[in-house]
Structures are given as C-alpha cells and as structure tokens.
Amino acid sequence: MGVKLGILGLGTVGTGTVQLLQDSAGRHPLLRDVEIYRVGVRSLDKPRAVKVPDAVLTTDLEAIVNDPQVDIVVEVIGGLEPARSLILKAIENGKHIVTANKAVISRFGDEIFTAANHAGVYVMLEAAVGGGIPVIQPLKQSLSVNRIHTVTGIVNGTTNYILTRMQTEGSSFNDVLADAQKLGYAEADPTADVDGLDAADKIAILASLAFGGRIKLQNVYCEGIRQVSKTDIAYADKLGFVIKLLAIAKRVNISPTDSSPYHPISVRVHPTLVPKVHPLASINGVYNAILVEGEPIGQVMFFGPGAGAGATASAVSSDILNLVAALQASTTTPNPLLTCGHQDYCEITPPEELVSRFYTRFLTKDQPGVIGKLGTCFGKYGVSLESVVQTGFQGELAEIVVVTHDVREGDFRQALAEIQTLEAIDSIPSLLRVL
C-alpha cells in the first residue's frame, strides 16, 4: 500500500526531505512505500536542487491539505501563518501531520493537539527541536517510564557558535555576530536566536513532553546573549567555567525519592556559567545537545547537528516512517506512544522563587571597605558568597567579581537593589546564572 505525501514547502528542509526520500537504497525498506504525491511551492519556475515532476508541484497549498488522496501532510514552510491554518485544515480532513515548525507547536500546540486527538490523527514533530538529533521520540517512548527531573539543552546553534568564537578568540559579541551573518550561521535579523526566543520555543516543547503537561510560552523566562561580554567570558574561564546559552526545564523542590507527579516546574532560557567538567561545557560551534536526567536512568545526553538540510530531513523522514508503519498496521485506535496524551497545563514557578547560583560583576569607586559593604548587604538578605575577586581596574574604577552559593532569586535581587544605592557602586555590568 503506497502512502501519499503532500509536502508544504520546498526550501532547505523540504528539499533535503525530498532528496532523502528519492534515494531510498540502503535505508529502511518502508521508505519505498512513500509516494511524493503533491509539493506546494511559492513559485513554479524557481530553479531547484531536486527533480520533482511538474505535475506534482503546485502553488495552491490549500488544495494539498484538502486533497482526499493525501495521507500525510509534511509542513516545512515555517512561520506562524499560513502554517497553523494549513495544519488545522489538514487535521480536520483526517490527515496525519509531520512538522518541523517549533514556533507553531510552542504557540498553538494546545489547539493543534486537541484537534488531532479529536480527529484521531497523529502530529509528529521530531524535526522541531534539535535538527537531526532524535530527542522527541525518546522522550515520548524510550524514556517515558522514567521520572524526569531535568532537561538541560544547548538547542540553538547560532548562539552556541557565537559564544564558542567569543571564547576561543576573545572577540566581542558584535564582531562575531557580524561574521556569523556573513557566513550564513546567523540570520540578517538575528533576534529569535540571540534573544533566546528560538530556544524558548524548543524548551517549551521538551518540557511539555518531559513533564506531561502543556506549557504556556509566555511563562518561559527568556534572556538572550547580547549582554555577554568578552570580559565575562575571560573571568568565567579563570573561575573554571564556560558560558553557554542553556534552555532548562526542571522539577522544582524535589528530593530524588519523591514520586509525586504534581510538582511545579521551572522553564527558562538564559546564558549560564557551566563548569568545564560538565557534559554540556564541551558542546561547541553549531552543535546542539540535550541532557536528560531522571530516575532510574540517571543522565542521558543527545548530541548532534542542530540544523541543516540533511540533519533535519533525517528527523522529518523518521516521523514519516513512523506514520507509514502506523498506517500499515491500520488499527483503529491510535498508538498512545505516538499521540499527545496530556490536557492540563504545568504549573510554572516564577523566576523570583527559583534557587540558583549567580555570577555578578561590579564596577566600584576605588575606596577602602567596598568588599566589606558588598558582603554586609548580601548577608542581610541571606546571600552566601562562594568567591569574591577584585580583578583589576577599568579606568578609575575597580572591578569586583562575585560568585554566590545557591540563593533564592528574589532575595538576591533585593540585595542587588540595595547594593546599587551604595555610593561606592558605579554600575553592575554583568549578572549571569551559574549551573
């Protein structure tokens, strides 16, 4: 039985997917049962890297999602609209979905999965997080018997590339960003990457799967890397850390033996000082990695290319393969390991309640007793200091770097607010979290 695909989009990912499907020798034999039946494009006369019969190409994307012959709709156009509307229309028409669109899933997942469950169809999204790294299916299947405690990821290749270059070359953020744009690693408008928005979409999806509940994207704390300076990278290095943009989803306030499923979670994206001995510290360049920690598994890390035509096509095609297998098994009840099973929203702890370590850099007037005043203010709010280093001078100002022990963020912020009022404090140019 041939399974007919309607592919929406023939850009980088669409082209990579078609190339893979057309070259099935040596791959899983089920791929031979896939027919590329319709491909939706913006322009019919654009030169393309793949050969697709003229009769297969169309500019009418609506016609693809409405075509009764199409079994699976593969959405690789990206963006919010018309992607969302086309996915919902395809679901309404009883078609299964494969998508690489993290923005649509993180914002409209509740609407899409509710519709899919109602229609009895699958929505597959392996390619939406981590490019070619298989992490969605492992969370839904292989690791689903574990109590997941934490998911920590480097899930944006652009920011990881920029921070790696800043670290190895001692360059500034703006210089490396400009170079990354020239090389095509960063978009002309890099906002989604460098401000952490892309990573927030992805950790919202991973958190939803890891903790069995829906996530409101506006509750994901998000901070990008624009404020990370080469000075901070140099200090971090001296203190035994590297700086990475981490996406973290974590159960809050649990002991390892606590088995209750009803814990609030924290979901956040921010630059973080990572100890050099940590598994994520050595993930460099455009690579991605996701570290999952749970009981009884311990730690599992998924590593690989986070973007690119071949990597993402691998993830898209693996979803297609899963659907072909499900369709050929042709049971009327959907496989519960492939569907979305949760209806409720996770309770997300606000940032001020979270406990973390902090790195802070102060510029102070060169007066005696400044470090003592800092210590007094921190002590007043229960902030314990792991290290205090006076590192040198910037012009007339002394530079002091502080690393705290674990502290509630609200208490730390109160201490900082008071410190800012001290006459000896000129400014606080850096504030970063420590893993």
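Which elements do the buried residues of helix 1 pack against? In this predicted model, the partners are strand 1 (3–8), strand 2 (34–40) and helix 11 (309–329). Let's start with that helix and then step back to the whole protein.

Helix 1 covers residues 12–22, and 8 of its 11 residues are buried, so the helix is largely enclosed by the rest of the structure. Buried here means that a residue has under 20% relative accessible area. If you would like to find these residues in the view, look for V13, G14, T15 and G16, followed by T17, V18, L20 and L21.

Now zoom out. Helix 1 belongs to a protein with 13 helices and 17 strands. Of the 435 residues in the protein, 52% count as buried. Contacts across the chain tell a related story: taking those between residues at least 6 apart in sequence, 74% join residues at least 24 apart.

What about the overall dimensions? The C-alpha trace spans about 80 × 50 × 35 Å along the principal axes of the protein. A compact globule of 435 residues would have a radius of gyration near 22 Å, and the protein has 24 Å, which agrees.

Finally, let's visit the outside and the charges. The accessible surface of the protein amounts to about 18,700 Å², and carbon and sulfur atoms account for 52% of that area. The protein carries 36 positive and 45 negative charges, and the mean positions of these two groups are 2 Å apart.

Note on methods
Residues are numbered from 1 along each chain as its sequence is written. This is a predicted model: local features need pLDDT of at least 70, side-chain atom pairs count only at pLDDT 80 or more; totals for chains, interfaces and linings use all residues. Side-chain values use heavy atoms; hydrogens and water are left out. Buried means under 20% relative accessible area, exposed over 50%, partly exposed in between (1.4 Å probe, protein chains only). Helices (H or I, at least four residues) and strands (E, at least two) are DSSP runs, numbered from the N terminus. Contact means heavy atoms within 4.5 Å. The radius of gyration is taken over C-alpha atoms; the globule rule is 2.2 Å times the number of residues to the power 0.38. Accessible areas come from the Shrake-Rupley method with a 1.4 Å probe; for residues, only the protein chains shown count as cover. Lys and Arg count as positive and Asp and Glu as negative; His and the chain ends are not counted. The place of a charge is taken as NZ of Lys, CZ of Arg, CG of Asp or CD of Glu.
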